[in-house]
Amino acid sequence: VSKQVLEQVLRELQPLCTAEQQFIEKFFQLGQDSSVSRVLEVGVRTVSSPVPLVKEPPSWLLSEIFYCLEPQLRGFVDVCNKIHPFGCLQVLVTLTDSVFETWGSSSALLSSFLNTVLGNVLVLAKSNFNKCIGTLCKEIEETKMPSKMKGGILPSVSRFEEFVTFSEGVFRTARRRGELDKAHLRLAGSVFSSIDSLSSANLKVNTDMVMMENFHHIHCFLCQKKIPCLEAKKTEAKQRYSEHMEKYVIRYLGQPLEKLTHFFEGVKARVAQGVKEEEVSFQLAYSKQELRKVIEKYPGKEVKRALETLYRKIHKYLSPEENLLPVVWHAMEQEFIRQYQEFEDLIQRCYAGSGIAMDFTMEDLLSYFNSITLAN
């Protein structure tokens, strides 16, 4: 309603001011006899002191006639801002379009008065808009994690998307959107910072998982919206999503084969320190006997059971809205296969001829993942 009223007021102002100005020019015969203009200027300075030299009597007289116009427009703008949290967006679009329409109109060139009034109110609208964006940025950056939140999309991300969706609707037919593009970039920076702050938050779930989901969510949202000024942020969100998924996968994959992972990390460390591969097995902590002890802890049935437990855990915490479970599970399978091949290679290089092998084969491993996927 406020938008329609503001548009109607602005539509009626131009012909009103133009008609009044034409009457003034005709009545005082301005532009026809310079002596008349000089008499009017002297009269104006006499009745209204102090007044600087009036070079444009019509504009000055219009400002006297419509002395309450600008204060009332400013008051109406303030009311619009209070009606809706993002009311300043609609005011900015409506005023900007009106100002450029007025400035581009040949009849409006007659009235510098109206141009000045609308320009001043537009400055106010831009100031209100910038204050709104500043407040929203601060709100997003300072949003606290809900105490019982276990994962899913963060309130700051939802707030960002709410604003972008609303603002794109408001600016859909706007002639200019430079102010909005700058606001989008500011807000995107704030929401990225709010996600980064999770690294120091005391979450009940894996931080990388939450960051992965939220960057994935933002990437999908920006793909849908196709906003040119946010293309770089869309690319960054995809990179961040991939980085945190990799960290999440690697961190959780250490659990099913934790002792094997630690054992072979020690083997690689010894080789990196200069121990020859064929001599690693003579190290007390990495002898053939120690390797057999570790391998015995991971029979095929136990590995499959550990993977089933891991799947249930991931399924429990990943939010269903993002549908990332198949993607994460596939990434985990690929990483698990890579680890298995690395372990096999180290056994062949550092324990050659020992006859030592893990209790399960690559085919077994693939069947474990396949059966878990089909069962769910």
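What share of the contacts in the chain with a separation of 6 or more comes from residues 24 or more positions apart? Figure 1 takes that up.

**Figure 1. The whole chain, an all-round look at a predicted model.** Residues 24 or more positions apart make up 74% of the contacts counted at a separation of 6 or more. As for secondary structure, we've got 15 helices and zero strands. The chain runs to 376 residues, and 46% of them count as buried. On the outside, about 20400 Å² is exposed, with carbon and sulfur atoms supplying 53% of that area.

**Figure 2. A close-up of the largest pocket.** Rolling a probe the size of a water molecule over the atoms is a handy way to see where empty space is left. Here, the largest pocket holds about 310 Å³ of space. Its lining comes to 16 residues, and the ones nearest the centre are E7, T94, D97, S98 and E101. Sort the lining by residue class and you get six charged, six polar and four nonpolar residues.

**Figure 3. Who builds the lining of the largest pocket?** Two helices to look for are α1 (2–27) and α5 (87–103), each of which puts at least two residues into the lining. The top contributor is α5, which gives seven. Zoom out to the domain level, and the lining takes at least three residues from domain 1 (1–27 + 56–142) and at least three from domain 2 (147–251).

**Figure 4. K226, a loop residue with a positive phi.** Most residues other than glycine have a negative phi. K226 goes the other way: its phi is near 55°, and it isn't a glycine. To find K226, follow α9 (207–225) to its end and look in the loop before α10 (231–253). Is K226 buried or exposed? Its relative accessibility is 65%, so K226 counts as exposed, the cut-off being over 50%.

**Figure 5. N323, another non-glycine residue with a positive phi.** This close-up moves along to the loop that links α13 (300–317) and α14 (325–350), where N323 sits. The phi of N323 is about 55°, a positive value, although the residue is not a glycine. What about its accessibility? N323 comes out at 55% relative accessibility, so it counts as exposed too.

Definitions and conventions:
Residues are numbered from 1 along each chain as its sequence is written. This is a predicted model: local features need pLDDT of at least 70, side-chain atom pairs count only at pLDDT 80 or more; totals for chains, interfaces and linings use all residues. Side-chain values use heavy atoms; hydrogens and water are left out. Helices (H or I, at least four residues) and strands (E, at least two) are DSSP runs, numbered from the N terminus. Buried means under 20% relative accessible area, exposed over 50%, partly exposed in between (1.4 Å probe, protein chains only). Contact means heavy atoms within 4.5 Å. Accessible areas come from the Shrake-Rupley method with a 1.4 Å probe; for residues, only the protein chains shown count as cover. On a 1 Å grid over the protein atoms alone, a cavity is a set of points where a 1.4 Å probe fits but cannot get out, and a pocket is an open set with protein on both sides within 12 Å along at least five of seven lines; lining residues have an atom within 4 Å of a point. Grid points are joined across faces, edges and corners, and a volume is the space filled by probe spheres set on the points. Ala, Val, Leu, Ile, Met, Phe, Trp, Tyr, Cys and Pro count as nonpolar, Asp, Glu, Lys and Arg as charged, and the others, Gly among them, as polar. Domain bounds come from an automatic or database domain assignment.
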